[in-house]
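Let's take a walk through this structure together, from the inside outwards. Please keep the sequence and the 3D view at hand as you read.

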Amino acid sequence: MKILVTGGAGFIGSCFIRHELKKHPDYKIINLDALTYCGNIENLKDIENNPHYKFIHGNICDKSLVREIIKEVDCVINFAAESHVDNSIKTPEIFVETNVSGTLNLLQASKELGIERFLQVSTDEVYGTLGKDGYFYETTPLAPNSPYSASKASADLLVRAYHETFKLPVLNTRCSNNYGPYQYPEKLIPYFISKLLKNEKVPVYGDGLNVRDWLYVYDHCEAIDTVLHKGKIGEVYNIGGHNEKTNMEITHLILEAMGKDETSIEYVKDRPGHDRRYAISNDKITSELGWQPSITFEEGIKLTIDWYLNNQEWIHSIENKKLNYAKEK
Ligand code: NAD
Ligand code: TDX
């Protein structure tokens, strides 16, 4: 099988490419990535010379480039996105451009050229927010609350429409919060680790009691592989870890692992439109496709914190890139 992975230089896409090349050594993968501020080709240094892997520096909104690449492949897996909620509050336009128009461009080329599978990687945030009880199911109405989640929900609706209208063979996954190595240090876990490494305080939004369901990135990649091979065309599959934690619980775990205490916490103004609780039912993917998370949160968070502590150069190189970028502006 020959697969186009978009956004493969990011956190989850790079883990997925590494995972696929290991699990299916006969597959060929093309990685199309625009290398935006969070895309980092160094994330795939270890496989750059693998003859089954090819990197193309480009944008999913580029019509002719996307057509040229899709001619060559059997499947498309779309990870490419603007993915940070806080940025979407400041600059929503780029979220619509990449997440909506970029996805539409990939769908249109896939329809015209004919592909075997189009898998859209989406998020539980499209369902909005939950109260104290209950879960998001695949049948839960979409009710996104941030420009980020609204752009992801829009893309999901286009994916659905291309199946209904043009019979494009689509699959759609919606996953909970991922954590693990190579996550850009703007997201909660790597951001807090990078702040503490500099002896700075960690900014907890609001009361810190917002709940997220956390899944180790490797398990998300295995779930995508399962849906790609066994998923029923036209279906949506939720992916989650049944691992709900408040932001305070996560913060305390990180503080403890890094030998810090409460004095390193700073309570800051809440994120506007901050979703209170996410919790996802993974009944469908577990009962119909046999996927299960394999890494407990205790194992995963230890692996993750150890990785950032042992790879501080990776964090420094990103911080230097940020500084150079700010100087150039
Ligand atoms: P990320 O921000 O780490 O990576 C995104 C990648 O997309 C980067 O390499 C970037 O350079 C690339 N990209 C951005 N715009 C592009 C464009 N126009 N053309 C080509 N490439 C472009 O994101 P991530 O956390 O790895 O998330 C990957 C996908 O998974 C996203 O679609 C996101 O919505 C979804 N998702 C993420 C999470 C999570 O917890 N991180 C959870 C559920 C779903
Ligand atoms: O500095 C912070 N302080 C803080 O309290 C940051 C960066 C976050 N938070 C809170 C906000 C959220 O309640 O931590 C929680 C997690 O925040 P993020 O890491 O920004 O993730 P979230 O907003 O939940 O969205 C993530 O999960 C779903 C990803 O960024 C999305 O791409 C994915 O779709």
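What follows is a tour of the cores, the two ligand sites and a few individual residues.

Before we set off, please bear in mind that this is a predicted model.

A good place to begin is the interior. The largest nonpolar core is made of 32 residues. If you would like to find its centre of contacts, look for Ile-17, Ile-77, Phe-79, Leu-119 and Ile-285, which have the most contacts inside it. Several parts of the chain contribute at least two residues each to this core. Among them are four strands, E1 (2-6), E4 (75-78), E5 (117-123) and E6 (170-175). Strand E10 (236-239) does so as well, as do the helices H1 (11-23), H7 (217-230) and H9 (283-289).

Leu-119 is a helpful residue to click on here. Setting aside residues up to four places away in sequence, Leu-119 touches Val-76, Ile-77 and Asn-78, together with Leu-171 and Thr-173. Its other partners on that list are Ile-224, Val-227 and Leu-228. There is also a second, separate core, this one with 25 residues, and it includes Ile-193, Trp-214, Met-258 and Ile-265.

Strand E5 has another residue that deserves a stop, Ser-122. Is Ser-122 buried or exposed? With a relative accessible area of 5%, Ser-122 is buried, because anything under 20% falls in that class. Beyond its neighbours up to four places away in sequence, Ser-122 touches Lys-152 and Asp-156, as well as Asn-172, Thr-173, Arg-174 and Cys-175.

Let's move on to ligand 1. This ligand has 28 residues around it, and those that come nearest are Ile-12, Asp-33, Ser-83, Tyr-148 and Lys-152. Strand E5 returns here, giving the most to the shell with three residues. H1, helix H5 (147-166) and strand E7 (177-179) also supply at least two residues each. Which classes of residue make up the shell around ligand 1? There are 13 nonpolar, 13 polar and two charged residues.

Zooming in on the atoms, a polar side-chain atom of Tyr-148 lies 2.7 Å from an oxygen atom of ligand 1. The backbone takes part too: an N or O atom of the Phe-11 backbone is 3.1 Å from a ligand 1 oxygen, and for Leu-35 the corresponding backbone distance is 3.5 Å. On its own, ligand 1 has 840 Å² of accessible area, and the protein covers 97% of it.

Ligand 2 is our next stop. Of the 20 residues that surround ligand 2, the closest are Glu-125, Tyr-148, Arg-212, Arg-271 and His-274. You have already met Tyr-148, which is among the residues that come nearest to ligand 1. The shell around ligand 2 divides into eight nonpolar, seven polar and five charged residues.

At the atomic level, His-274 places a polar side-chain atom 2.6 Å from an oxygen atom of ligand 2. A backbone N or O atom of Leu-188 lies 2.8 Å from a ligand 2 oxygen, and for Tyr-205 the backbone distance is 2.9 Å. Taken alone, ligand 2 has an accessible area of 650 Å², of which the protein covers 94%. Helix H6 (188-197) and strand E8 (202-205) are the elements that give two or more residues to this shell.

To finish, let's visit three more residues. Two of them share helix H4 (92-113): Gln-108 and Asn-105. Gln-108 is partly exposed, with a relative accessible area of 26%, whereas Asn-105 counts as buried at 8%. Outside its neighbours within four places in sequence, Asn-105 is in contact with Ile-60, Cys-61, Asp-62, Lys-63 and Val-66. For a sense of scale, the C-alpha atoms of Gln-108 and Glu-235 are 19 Å apart, with their positions 127 residues apart in sequence. From Asn-105 to Lys-327, 222 residues along the chain, the C-alpha separation is 34 Å.

The last residue is Asn-282, in the loop between strand E12 (265-268) and H9. Asn-282 is buried, with a relative accessible area of 6%. Apart from neighbours within four places in sequence, Asn-282 is in contact with Asn-238, Gly-240 and His-242, and also with Trp-291 and Pro-293.

Note on methods:
Residues numbered from 1 in each chain as written. Chains lettered and ligands numbered in written order. Predicted model: local features only at pLDDT ≥ 70, side-chain atom pairs only at ≥ 80, totals over all residues. Heavy atoms only, no water. Core = buried A, V, L, I, M, F, W, Y, C linked by side-chain atoms within 4.5 Å. Buried < 20%, exposed > 50% of the residue type's maximum accessible area, 1.4 Å probe, protein only. Contact = heavy atoms within 4.5 Å. Near = heavy atom within 4 Å. Polar contact = N/O pair within 3.5 Å; in protein donor to acceptor, adjacent residues only side chain to side chain. Areas by Shrake-Rupley, 256 points an atom, 1.4 Å probe, with all protein chains shown as cover. Nonpolar A, V, L, I, M, F, W, Y, C, P; charged D, E, K, R; others polar.
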